[in-house]
Every structure is written in C-alpha cells, then in structure tokens.
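Got the viewer open? Grab your mouse and follow along, one selection at a time.

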Amino acid sequence: MKCLVVGHRGLIGSAISRELNQFAEEFVHEIGVRWASPNDAIADIKRITDSFKGFVSNESWAVFWCAGKGFLGSIEGELEPEIEIFEQFLSDLLKWENKRGVVILASSAGAIWNASGLDRIDENTPDIGVSPYALAKLRQEKSLNEFCLQTNIGGVVARISSVYGAGQDLHKQQGLISRMCIAAVTRTPISIFVPLETTRNYIFSTDLAKMLIQTAQTEVQNQDLVRGAKKVVLCSRDNHSIASICKAVEDVSRRKLLKSTHLLGNVAKYPLHFQLRPKNLSTIAGCESTTLLAGVSVVYREILNQYQMGLISRSS
C-alpha cells in the first residue's frame, strides 16, 4: 500500500509517518504547503497529489488527512479555509482512475460528543457538537461521505479522543499534558478550569498512528464493500482523571505541580466523565502499548530539551 500523509509535520501526521515505515511505503516529497493562503495551499496540495498519483500507479493507496490548525477554541469563520482546502482536494481525486484506495480523515470525538452527558459513546451516538470546530469537522465528514458515495473509493471518518505525544503544537491553547509538562519544567503555575476528578480519554500519538494505519489497511482490503465513509472511534482503553495526570507529571518530573483550580461558570454543561466505548475496541486495543506514565515521560523529555535549548520560556 502506498501512502500520503497530509499534515505530516503535526502531532498525528508525524506519528503516522514514523510508523508507516513498518507497514507501508510513504510518499516523501519536498513541497511545502503554504497553508496561510487557501489558494496557494490548494495549488500545493494538487502538485503533491498529482505526484502521488504517479507514485501509486496501479497499486493500492491511502491518504491520511491530518492537516489543520483548528481546535476547540477556534472562532466562527476561522476554519472556512480548512474546509475549502479539503473539499478541493477531494474534487481533484474525483478524476483518479485508480479506485483502490482510501481517504482517512482525522476528526474529533471530543468536539462532537463532549457535551453529550451519555454514559457510553460509540459510532452510533448522535452528533451534538455545536462549536465552530465541531461544525467544521462535521462538514468535512459530510464531504468525505459524499465523495465516497460518488466514487466508490474508501473513506474513514476517524473520530479521535484527546491525543498527546511528541510534536504538540504549543502555540495552540490546548494539550493539557503538554501544558502540565511546561509548568513542571518552567516551575510556573498552571490553571485548571474543571474539577480534578474529571476524566477524559487520552491516546498516545504513536498508538493512534498504529490504529489509523491498521484501519486503512482493513478498508483497502474491503474495497468492494464501500458504501460511503465509515465512521470509527479511536481512543485508549482507559480514561484518566485530571488528578491522575497531574500525579504522572509529578512522578516523571519529580516536581510538585503548582496548580490552581478555577471552575468556569459553564463547567456544568460538560460531563464529569466522557466514556468512549467504540464497537471495535477489542481490535484497536491491540495497537495500544503506551502507558500514561510512559507517554507523559516522552512529552516531558521533549519539552525539557526544548526549554534547555531556549525554545520554551517561562511565559509559554
């Protein structure tokens, strides 16, 4: 299987690229995508996909779409360029004669279901996300489904839990584990806006990458069964409380976290526990081998190294 990772420098994309060498052949290119300009980005991605088409020839293929700067704090209108770029990418693929492929879209379980308050969430749980980020992801999912129905090319909507690991974009105001590690390294306070007993699902980026690659391989093998984009939930076996994550960071750093809790006025609308229980949990669980402590250790070492190199300051 020949593979292209769009967004290969990001947290998820870089993890996929590292793991692909063991499972498939990645298309490596030197074309930098000019994401700041939608028109330029569209042109750059077309050049990449055209080259990828030649690289694939008549073999099976997979495209992992992990690009995007959006997050839960994104504001309305900010994500329109990302939607436009993705839809144009799909439009370019319409012309492909080789249908032996699959497009994997990295979506967000938290954005779409976080406020559901349900005890168990799986692939059949109704969508309830109303934030600009959730609505943008839902639009991309719809576009992929329509593309798959039109072309009979495989598609997977991967609704992913909270991802952590090496390569987190520290410019985004997200990534609780990275933020805690920065606080430990710089010995600065960290504010927490939900109760410490709040639990969420955190998946280490390398384990997630293995799940995504396995999913792509399965879908390519089941090409004759394509009926629109398949929805899957990818997550860890276990949830972790904010308190347990604090302890893991303290154990790794051997420092007491300076934390303060400031409960927001709207905290009541978010459930204390967010339980993802996908139907394929037994299958994807085989891809997960990183404990919380081991994963936190990877993040802490990377941030400590960046701090020692002067790339992170106490005000980060």
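Which residue in strand 10 does Asn201 stand opposite? Select Asn201 and look across: its counterpart in strand 10 is Asn239. Before you go on, keep in mind that this is a predicted model.

**Stop 1: strand 8**

Now select residues 199–204, which make up strand 8. Strand 8 is mostly covered, with six of its six residues buried. Colour Thr199, Asn201 and Ile203, which point one way, and then Arg200, Tyr202 and Phe204, which point the other way. In a regular strand, side chains alternate between the two faces of the sheet. Here, the residues pointing either way from strand 8 are buried.

**Stop 2: the strands beside it**

Add strand 6 and strand 10 to your selection. Together with strand 8 they form an open sheet of three strands, in the order 6-8-10, and the pairing is mixed. Strand 6 (162–164) and strand 10 (239–241) are at the edges with a single partner strand each, so one side of each has no neighbour in the sheet. On average, neighbouring strands of this sheet are turned by 55° against each other, if you ignore direction.

Zoom in on the pairings. Strand 8 and strand 10 run antiparallel and are joined by three bridges. Strand 6 and strand 8 pair in the parallel sense, also over three bridges. For one of these, click Val163, whose bridge partner in strand 8 is Ile203.

**Stop 3: helix 7 and helix 1**

Next, show helix 7, residues 205–221. Helix 7 lies across strand 6 and strand 8, and it runs at about 75° to strand 8.

Add helix 1, residues 11–23. Two packed helices are described by the angle between their axes and the distance between the axes. For helix 1 and helix 7, the angle is about 60° and the axes are 8 Å apart. That angle makes helix 1 oblique to helix 7. The crossing is right-handed.

Want to see the side chains that meet? On helix 1, show residues including Leu11, Ile12, Ala15 and Phe23; on helix 7, show residues including Leu208, Ala209, Leu212 and Ile213. The residues of this contact divide into ten nonpolar, three polar and three charged.

**Stop 4: the six-stranded sheet**

Time for another sheet. Select strands 1, 2, 3, 4, 5 and 9: these six form an open sheet in the order 2-1-3-4-5-9, with parallel pairing. Strand 2 (25–26) and strand 9 (230–234) stand at its edges, and each has a single partner strand, so one side of each is left without a neighbour in the sheet.

Move to strand 4 (residues 101–108) and strand 5 (residues 154–160), which are joined by seven bridges. Click Ala106 and you'll find Ala158 opposite in strand 5.

Then bring in two helices. Helix 2 (residues 38–56) lies across strand 1, strand 2 and strand 3, running at about 170° to strand 1. Helix 3 (residues 80–93) lies across strand 3 and strand 4, at about 170° to strand 3.

**Stop 5: two arginines in loops**

Last, select Arg187, in the loop between helix 6 (176–186) and strand 7 (190–192). Arg187 isn't a glycine, yet it has a positive phi of about 55°. Is Arg187 buried or exposed? Its relative accessibility is 53%, so it counts as exposed.

Finish at Arg254, in the loop between helix 8 (242–253) and strand 11 (259–261). Arg254 has a positive phi of about 60°, although it is not a glycine. At 78% relative accessibility, Arg254 counts as exposed.

Technical notes. Residues are numbered from 1 along each chain as its sequence is written. This is a predicted model: local features need pLDDT of at least 70, side-chain atom pairs count only at pLDDT 80 or more; totals for chains, interfaces and linings use all residues. Side-chain values use heavy atoms; hydrogens and water are left out. Two strands pair if DSSP finds at least two bridges between them. Helices (H or I, at least four residues) and strands (E, at least two) are DSSP runs, numbered from the N terminus. Contact means heavy atoms within 4.5 Å. Axes are lines fitted to C-alpha atoms, for helices over the stretch in contact, and angles run from 0 to 180 degrees between N-to-C directions. Angles under 35 degrees count as roughly parallel, over 145 as roughly antiparallel, 65 to 115 as roughly perpendicular and the rest as oblique. A crossing is left-handed if the near helix is turned anticlockwise from the far one by less than a right angle, and right-handed if clockwise. Ala, Val, Leu, Ile, Met, Phe, Trp, Tyr, Cys and Pro count as nonpolar, Asp, Glu, Lys and Arg as charged, and the others, Gly among them, as polar. Buried means under 20% relative accessible area, exposed over 50%, partly exposed in between (1.4 Å probe, protein chains only).
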